[in-house]
Amino acid sequence: VDDISAFTWAFEMLMLGSGVGYNIQRHNVYKLPKLKRKLKIERVDESDVDFVVPDNREGWVELLRKVLEAHFVTGEGFTYSTIVVRGKGSPIKGFGGVASGPEELCEGINEIHNILNSMSGKQLRPIHCLDIMNIIGSIVVSGNVRRSAQIAIGDYDDIEFLKAKRWDLGGIPNWRAMSNNSIVIPDNFDDLPKEFWDTYENGEAYGLINIELAKKIGRTGETQYADP
């Protein structure tokens with residue numbers, strides 16, 4: 001997650017039924033630009049708005065893209081309408097199942113908007129990127145048709161990230177159940193903080209990923225081609 005297109009890409013892939021893995025280590029996240037000023041993005045279900053959300057996958061992704069661009073690029077709010085989005089319970093012919101309706105989409109978009117507004121003029125931290133990805137996942141599963149398989153990969157010493165699923169601490173948003181979380185192992189195994197091991201006693205245990213080893217021999221023995 002070093003560009004806002006990571007969020008829209010993940011949204012589309014999840015709606016297509018693919019699982020998504022994403023890296024929210026600091027050296028990636030801090031490549032994102034600082035957020036612009038606090039702004040207003042409003043749902044107005046009329047035809048005379050800045051953007052009418054189309055009733056398809058691409059339309060939902062486009063709404064997210066517009067929200068992200070407003071906060072990161074233009075600094076200008078806008079209005080949008082869901083008047084053409086099919087209602088909850090309507091059949092989805094191509095994908096099967098029934099539509100979730102616009103409410104879950106709008107609630108999720110509003111949560112993302114609130115997170116971005118809360119950090120106006122500042123740099124997002126990995127925990128915010130995790131929340132945005134998790135909210136995207138909650139939108140995707142709202143229709144009870146698709147799953148939303150996510151793995152989030154963070155820094156071993158990112159205490160906020162390590163406490164993201166410590167349900168026992170209270171005040172943890174439900175959407176954080178949308179991802180399995182793992183850390184990139186440090187060079188020295190003894191550097192793993194107490195907060196990592198605490199996840200095995202409370203909340204949900206975090207995994208360990210050796211990214212360098214995976215790049216070398218992670219393709220079932222195939223090492224002919226370089227993995228950037």
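Over the ring of which residue does the charged end of Lys66 sit? Select Lys66 and follow its side chain to the charged end, which sits over the ring of Phe51, 5.0 Å from the centre of that ring. The model on the screen is predicted, and this tour proceeds through it one selection at a time.

**The whole chain**

Display the protein chain as a ribbon. The chain holds 8 helices and 7 strands. It has 228 residues, of which 43% count as buried. If a surface is displayed, the exposed area is about 11700 Å², and carbon and sulfur atoms supply 49% of it. Consider also the contacts between residues at least 6 apart in sequence: 73% of these join residues at least 24 apart.

**Stop one: Leu130**

Select Leu130, which is found in helix 5, residues 126-140. Is Leu130 buried or exposed? Its relative accessibility is 0%, so Leu130 counts as buried, the limit for this class being under 20%. Now display the residues around it. Leaving aside residues up to four places away in sequence, Leu130 touches Tyr22, Ile24, Ala152, Phe161, Ala164, Ser179 and Asn181. Of this list, select Ala152 and draw a line between the two C-alpha atoms: Leu130 and Ala152 are 7.2 Å apart in space and 22 residues apart in sequence.

**Stop two: Gln25**

Move to Gln25, in the loop between strand 1 (20-23) and helix 2 (26-29). With a relative accessible area of 10%, Gln25 is buried. With which residue does the side chain of Gln25 make a polar contact? The partner is the side chain of Asp155, at 2.9 Å. Apart from residues up to four places away in sequence, the residues that Gln25 touches are Ile153, Gly154, Asp155, Val184 and Ile211.

**Stop three: the aromatic rings**

Next, display the aromatic side chains. A pair of aromatic rings is described by the distance of the centres and the angle of the planes. How many aromatic pairs does the structure hold? There are 6. One of them is formed by Phe78 and Tyr80; this pair is tilted, with 6.4 Å from centre to centre and 55° between the planes. Phe78 counts as buried at 10% relative accessibility, and Tyr80 counts as buried at 4%.

Then select Phe196 and Trp197. Why is this pair edge-to-face? The planes of the two rings stand at 75°, so the pair is edge-to-face, and the ring centres are 4.9 Å apart. The angle qualifies because edge-to-face requires planes over 60 degrees apart. Phe196 is buried, with a relative accessible area of 0%, whereas Trp197 counts as partly exposed at 42%. Add Phe189 and Tyr200 to the selection: ring pairs link Phe189, Phe196, Trp197 and Tyr200 into a cluster.

**Stop four: the salt bridges**

Finally, colour the charged side chains. Side chains of opposite charge can pair when their charged atoms come close. The count in this structure comes to 16 salt bridges.

Begin with Arg37 and Glu76, whose side chains meet in a salt bridge at 3.8 Å, N to O. This pair links distant parts of the chain, 39 residues apart. Arg37 is in the loop between helix 2 and strand 2 (41-43), and Glu76 is in the loop between helix 3 (57-74) and strand 4 (78-81). Arg37 is partly exposed, with a relative accessible area of 48%; Glu76 counts as partly exposed at 47%.

Go on to Arg166 and Asp168, which form a salt bridge at 2.8 Å, N to O. Here Arg166 is buried, with a relative accessible area of 10%, while Asp168 is partly exposed at 42%.

Now select Asp198 and Lys194. Their closest N and O atoms are 3.0 Å apart, and the two residues form a salt bridge. By about how much of the helix are they separated? Asp198 and Lys194 are 4 residues apart in helix 7 (residues 194-198), which means a separation of about one helical turn. Asp198 is buried, with a relative accessible area of 17%, but Lys194 is exposed, with 59%.

For the last selection, take Glu62, Arg65, Lys66 and Glu69. Salt bridges that share partners join these four residues into one network. The tour thus returns to Lys66, whose charged end sits over the ring of Phe51.

Key: Residues numbered from 1 in each chain as written. Predicted model: local features only at pLDDT ≥ 70, side-chain atom pairs only at ≥ 80, totals over all residues. Heavy atoms only, no water. Helix = DSSP H or I, 4+ residues; strand = E, 2+ residues; numbered from the N terminus. Buried < 20%, exposed > 50% of the residue type's maximum accessible area, 1.4 Å probe, protein only. Polar contact = N/O pair within 3.5 Å; in protein donor to acceptor, adjacent residues only side chain to side chain. Contact = heavy atoms within 4.5 Å. Phe/Tyr/Trp six-rings, centres within 6.5 Å; stacked < 30°, edge-to-face > 60°. Lys NZ or Arg CZ within 6 Å of the ring centre and 35° of its normal. Areas by Shrake-Rupley, 256 points an atom, 1.4 Å probe, with all protein chains shown as cover.
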